[in-house]
Amino acid sequence: MAEIIQDIQEQEYLINMGPQHPSTHGVLRLVLSLRGETVLSVQPHCGYIHRGIEKMCERLTYQQIIHLTDRLDYLSAHINNHAVCMLVENALGVELPERVKYIRTIMDELARIASHQLWWCSFGMDLGALTAFFYGLRDREPILDIFEESTGGRLIQSYYTPGGLMKDIHPGFQKRVKDFIKMFRKKINEYDQLLSGNVIMTQRTQGIGILTEEEAISFGVTGPSGRGSGFECDIRKHHPYSLYNKVEFKEILRTEGDSFARYSVRMDEMRESLNIIEQLIDNIPAGDFSVKMKPVIKLPEGEYYQRVEAARGEFGVFISSKGEKYPYRVKLRSPNFSNLSALHSIAHGQKIADLVAIGASLDYVIPDIDR
Amino acid sequence: MNNEQLTAKILSFEPSAEVKDGLQYLTATVAFDKLHTLAKSLRESKDTNFDYLFCLTGMDYGDSLGVIYYLESTNLKHQLVLKIVCADKEKPVLDTVCDIWKTAEFLEREVFDLLGIDFNNHPDMRRIFLEEDWVGYPLRKDYSDNNIIVK
């Protein structure tokens, strides 16, 4: 028996984690090479839910593309759509009413909070804290109700359209958002009490899964994961769009680069998002909720690129147009795909149980990887 | 650095480069065999310091294939677009840049998978999304599949 155990400790062996593993949060397969409990290498196998969205976009009009970018990172559906809409508007030189910019910025930030809430749920659950899961989902519900009331959709909304919004906000929108902010400011402190200082949680995340700043830049790890390593990559700050140059907010940075740093960046980011919404919610100007656009949009010939800050990092849309009603080529730069490429570098040398915590702290959404 | 200084710098690295200003980003086009040396100089020079590759996309131009690199410097805050066209459409090959920017390892595998551009010296040149035995490269304009693509 002792011999067998020693054998297992010394031998290198392969194990499949996923594609149906709860901690991969979707259909992602990781092939792990292990010695004992130590991870020697991680090889992600993607493509289980690849839908060929880039190819599909080549035969869709610009208004129709919105309905597919919703389905990339479905937790930042608004933000992905924002990128496509802004690209088209900038290419055509459309000037948007202030009202549209206000509503879009508020919706983006609500989507960011909802996304980080769901991340907090699953982060807790991956570490065995099931209460976090229930608390997070409970507090996310009001945001989904706000979305449903104004847009008709809870998860994916297709609310933005080139030139503005599909429909105006619900009359009760402002009150509901303010109620939510009041409620969530209290709850987020509760989150900290419940999980952030928990002994098991801190021991499993502090000093574990370290990504240096240099590697974060080289791997293109953006969003809260990159900022946990000290990489200043907030597009809202460095390439402001919509109203982000008019509101005051801090770019949250940590320099430790471990799982806990990525955790605390997201916690503080939720507070910053609440600040941004608070600055805007009372000042939404009256006016139109969209500009009249031609029914068939044709972008002038050329190549366009638009960057936005999605909940998980930098999202980019590249469109090459030949002046027709369909784009010639669409490329979607998804944050999760680049973040995934750093996984081996972060996880090798760690224990297999910590890989779950590392994966949770990187916050993958698989449809965004597989596009 | 502003665009004029960047243009001068790029031309000092690679005199044959074609630099175009006035587009969304400064755009440099170079021959496919100059890619790796130019990329390395752009990354390593203190004045340019392009340390962040934020997008890499393959292109099918119809009669040729190519790759577009979107670069940014995280401390100097300037951007550059690097455009490369492969010499041969039948056997498109480029040098890898994943020794310069590690993110390129996955991004180049994606380009190989969907457009069939091969990258020299890449440590792990396999398909990333599709099956190993998939026939053809779906993002090419001449790709046809009667079962999946509805015309």
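**Exercise 1. Reading the fold of chain B**

Work out in which order the helices and strands of chain B follow one another from the N terminus on.

*Solution.* Start at the N terminus of this predicted model and walk along chain B: the elements run α-β-β-α-β-β-β-β-α-β. Now tally the letters, and you arrive at three helices and seven strands.

**Exercise 2. The overall form of chain B**

Decide how the radius of gyration of chain B relates to the value for a compact globule of 151 residues.

*Solution.* Step one is the expectation: a compact globule with 151 residues would have a radius of gyration near 15 Å. Step two is the value for chain B, 16 Å, which agrees. For a view along the principal axes, picture the C-alpha atoms filling a box of roughly 50 × 30 × 25 Å.

Next, look at the inside and the outside. Of the 151 residues in chain B, 54% are buried. Among contacts with a separation of 6 or more, 48% join residues 24 or more positions apart. The accessible surface is about 7000 Å², and carbon and sulfur atoms hold 48% of that area.

Finish with the charges. Chain B carries 17 positive and 26 negative side chains. The centres of these two sets are 3 Å apart.

**Exercise 3. Three salt bridges**

Find where the partners sit in the salt bridges of Asp268(A), Lys83(B) and Lys89(B).

*Solution.* Over all chains, the structure holds 42 salt bridges. Let's take these one at a time.

- Asp268(A) pairs with Arg254(A), with 2.6 Å between the closest N and O atoms. Asp268(A) belongs to helix H12 (residues 259-281) of chain A, while Arg254(A) is in the loop between helix H11 (235-238) and H12, 14 residues apart. What about exposure? Asp268(A) has a relative accessible area of 22% and is partly exposed; Arg254(A), at 23%, is partly exposed too.
- Lys83(B) meets Glu303(A), and their closest N and O atoms are 2.7 Å apart. This pair crosses between chains: Lys83(B) lies in strand E5 (residues 79-85) of chain B and Glu303(A) in strand E6 (residues 302-310) of chain A. Glu303(A) is partly exposed, at 27% relative accessibility.
- Lys89(B) bridges to Asp142(B), the closest N and O atoms being 3.9 Å apart. Lys89(B) is in the loop between E5 and strand E6 (93-95) of chain B, and Asp142(B) is in the segment after strand E7 (118-120), so the pair ties together parts that are 53 residues apart in sequence. Asp142(B) counts as exposed, because its relative accessibility is 54% and the cut-off is over 50%.

**Exercise 4. Arg371(A) and its surroundings**

Place Arg371(A) in chain A, decide whether Arg371(A) is buried or exposed, and list its partners.

*Solution.* First, the position: Arg371(A) is in the segment after helix H16 (366-370) of chain A. Second, the exposure: its relative accessibility is 2%, and under 20% means buried, so Arg371(A) counts as buried.

Third, the charged partners. Arg371(A) is part of a salt-bridge network with Glu54(A), Arg329(A), Lys331(A) and Glu110(B). Fourth, the contacts, leaving aside neighbours within four places in sequence: those of Arg371(A) include His50(A), Gly52(A), Glu54(A), Leu72(A), Lys331(A) and Phe337(A) in chain A. From chain B come Glu110(B) and Phe129(B).

**Exercise 5. Positive phi values**

Locate Ser158(A) and Asn49(B), and state the phi of Ser158(A) and of Asn49(B).

*Solution.* Begin with Ser158(A), which sits in the loop between helix H6 (130-151) and strand E4 (160-161) of chain A. Its phi is near 45 degrees, a positive value in a residue other than glycine. Ser158(A) is buried, at 12% relative accessibility.

Turn to Asn49(B), in the loop between helix H2 (35-44) and strand E3 (52-60) of chain B. Phi is near 45 degrees for Asn49(B), again positive in a residue other than glycine. With a relative accessible area of 15%, Asn49(B) is buried.

**Exercise 6. A serine in a helix**

Which residues does Ser225(A) touch, not counting those up to four places away in sequence?

*Solution.* Go to helix H10 (residues 223-227) of chain A, where Ser225(A) has its place. Ser225(A) is buried, with a relative accessible area of 0%. Its contacts are Arg262(A), Arg266(A), Asn339(A), Ser361(A) and Leu362(A). As a final check on distances, the C-alpha atoms of Ser225(A) and Glu148(A) are separated by 29 Å, with their positions 77 residues apart along the chain.

Definitions and conventions
Residues are numbered from 1 along each chain as its sequence is written. Chains are lettered from A and ligands numbered from 1 in the order in which they are written. This is a predicted model: local features need pLDDT of at least 70, side-chain atom pairs count only at pLDDT 80 or more; totals for chains, interfaces and linings use all residues. Side-chain values use heavy atoms; hydrogens and water are left out. Helices (H or I, at least four residues) and strands (E, at least two) are DSSP runs, numbered from the N terminus. The radius of gyration is taken over C-alpha atoms; the globule rule is 2.2 Å times the number of residues to the power 0.38. Buried means under 20% relative accessible area, exposed over 50%, partly exposed in between (1.4 Å probe, protein chains only). Contact means heavy atoms within 4.5 Å. Accessible areas come from the Shrake-Rupley method with a 1.4 Å probe; for residues, only the protein chains shown count as cover. Lys and Arg count as positive and Asp and Glu as negative; His and the chain ends are not counted. The place of a charge is taken as NZ of Lys, CZ of Arg, CG of Asp or CD of Glu. A salt bridge is a side-chain nitrogen of Lys or Arg within 4 Å of a carboxyl oxygen of Asp or Glu.
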